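User: Please take a close look at one part of this model, the open sheet and the helices and loops around it. Walk me through it in one go.

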Amino acid sequence: MSRHVLILGGTTEARELAAVLAAHAAVRVTTSLAGRVSRPGAVDGEVRIGGFGGAEGLAEWLRVHEVAAVVDATHPFAEAITANAAHAAAWAGTPALVLRRPGWRPGRGDDWHPVASLDAAAELLPRLGRRVLLTTGRLGLAAFAHLTRTHFVVRSVEPPEPPMPPHVQLVLSRGPFTVAGESALLREHRIDVIVTKDSGGEATAAKLTAARDLGVPVVVVRRPPLPQGTTAVPDVPGALAWLGLG
């Protein structure tokens with residue numbers, strides 16, 4: 001009888017893990033996607049779209065579908081999902097793991113300004129620049145809506161949700177990005193400060209190198225902490241080892 005593994009997905013690592021597990025004869029894999037992106041990338045194995053109805057709903061799903069293990073491979077800023085997954089797994093008695101890629105680290109020549117939240121980033125911005133590349137996703141622009149004297153270039157995969165700042169130029173694009181492309185973008189829009197979340201990974205890291213090369217400061221929103229007692233690994237091989245398949 002195959003082991004049923006539930007992946008809470010939406011990241012590159014989630015897709016990579018699903019591909020490996022789907023090819024394993026002894027594993028049944030289901031990837032759950034929140035449905036926030038209208039055209040998610042292809043995922044191997046079974047796929048479900050939408051929420052579970054909170055932690056209690058997820059715990060019930062784990063029981064009904066006889067899930068042997070949960071791997072939370074959501075975005076590092078999907079704080080509510082990660083908290084619900086931890087509670088649900090504990091209630092259902094299901095082993096749980098967080099697969100979280102390492103965060104970025106500043107290097108020589110970087111001008112980074114770490115902050116704890118989008119609100120803190122908005123408070124800091126007027127002291128750093130007036131032309132901002134905002135790469136924090138389509139949610140959360142309300143934190144910057146009061147900055148009426150700042151011009152924002154907002155890059156996201158899909159159109160952002162209001163409220164938004166009054167002066168916004170939208171760039172719809174999906175990574176991976178190159179250093180040359182990011183440098184050209186910064187020059188074209190005369191960007192003098194970048195705001196980003198510490199999502200980690202290589203796909204969107206090129207903007208950090210471009211900022212260093214051009215002397216552009218970067219406001220980096222720190223990740224929320226993982227729930228207490230969480231078991232976490234930084235990559236797919238670590239997740240496979242935890243599942244006993246490494």
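Analyst: Two strands count as paired if DSSP finds at least two bridges between them. On that basis, six strands of this predicted model form an open sheet. Their order is E6-E11-E10-E7-E8-E9, and the pairing is parallel. Strand E6 (112-115) and E9 sit at the edges, each pairing on one side only. Direction ignored, neighbouring strands of the sheet are turned by 20° against each other on average.

Take one pair from this sheet. Strand E7 (residues 131-135) and E8 run parallel and are joined by four bridges. Here Arg131 stands opposite His151 in E8.

Next, the helices. Helix H6 (residues 206-214) lies across E6, E7, E8, E10 and E11. Its direction is at about 155° to E10. Angles over 145 degrees count as roughly antiparallel, so H6 and E10 are roughly antiparallel.

H6 also meets H5. Two packed helices are described by the angle between their axes and the distance between the axes. For H5 and H6, the axes come within 8 Å and cross at roughly 55°. Angles under 35 degrees would be roughly parallel, and 65 to 115 roughly perpendicular. H5 and H6 are therefore oblique to each other. Their crossing is right-handed.

Which residues in H5 meet H6? From H5 come Val179, Glu182, Ser183, Leu186 and Arg187. From H6 come Ala206, Lys207, Thr209, Ala210, Ala211, Asp213 and Leu214. The residues of this contact divide into six nonpolar, two polar and four charged.

Now the loops. Start with the one that leads from strand E9 (168-172) to helix H5 (179-188). Pro176 is found in this loop. A cis peptide bond joins Gly175 and Pro176, with omega about 10°. A cis bond also runs from Pro162 to Pro163, with omega near 0°. Pro163 has its place in the loop between strand E8 (151-156) and strand E9. Most peptide bonds are trans.

On the other side of H5, the loop to strand E10 (193-197) holds Arg190. Phi of Arg190 is near 55°, a positive value in a residue other than glycine. Most residues other than glycine have a negative phi. Is Arg190 buried or exposed? At 55% relative accessibility, Arg190 counts as exposed, because the cut-off for exposed is over 50%.

Glu66 makes a comparable case in another loop, the one between helix H2 (54-64) and strand E4 (69-72). Phi of Glu66 is near 50°, again positive in a residue other than glycine. Glu66 counts as exposed too, at 55% relative accessibility.

Last, the stretch after strand E11 (218-221). Leu226 lies in the loop between E11 and strand E12 (232-233). Leu226 has a relative accessible area of 36%. That value falls between the 20% and 50% cut-offs, so Leu226 is partly exposed. Which residues does Leu226 touch, not counting those up to four places away in sequence? They are Thr82, Val98, Arg100 and Ala232. Compare the position of Leu226 with that of Leu214, twelve residues apart along the chain. Their C-alpha atoms are separated by 34 Å. Leu214 is one of the H6 residues that meet H5.

Conventions. Residues are numbered from 1 along each chain as its sequence is written. This is a predicted model: local features need pLDDT of at least 70, side-chain atom pairs count only at pLDDT 80 or more; totals for chains, interfaces and linings use all residues. Side-chain values use heavy atoms; hydrogens and water are left out. Helices (H or I, at least four residues) and strands (E, at least two) are DSSP runs, numbered from the N terminus. Buried means under 20% relative accessible area, exposed over 50%, partly exposed in between (1.4 Å probe, protein chains only). Contact means heavy atoms within 4.5 Å. Axes are lines fitted to C-alpha atoms, for helices over the stretch in contact, and angles run from 0 to 180 degrees between N-to-C directions. A crossing is left-handed if the near helix is turned anticlockwise from the far one by less than a right angle, and right-handed if clockwise. Ala, Val, Leu, Ile, Met, Phe, Trp, Tyr, Cys and Pro count as nonpolar, Asp, Glu, Lys and Arg as charged, and the others, Gly among them, as polar.
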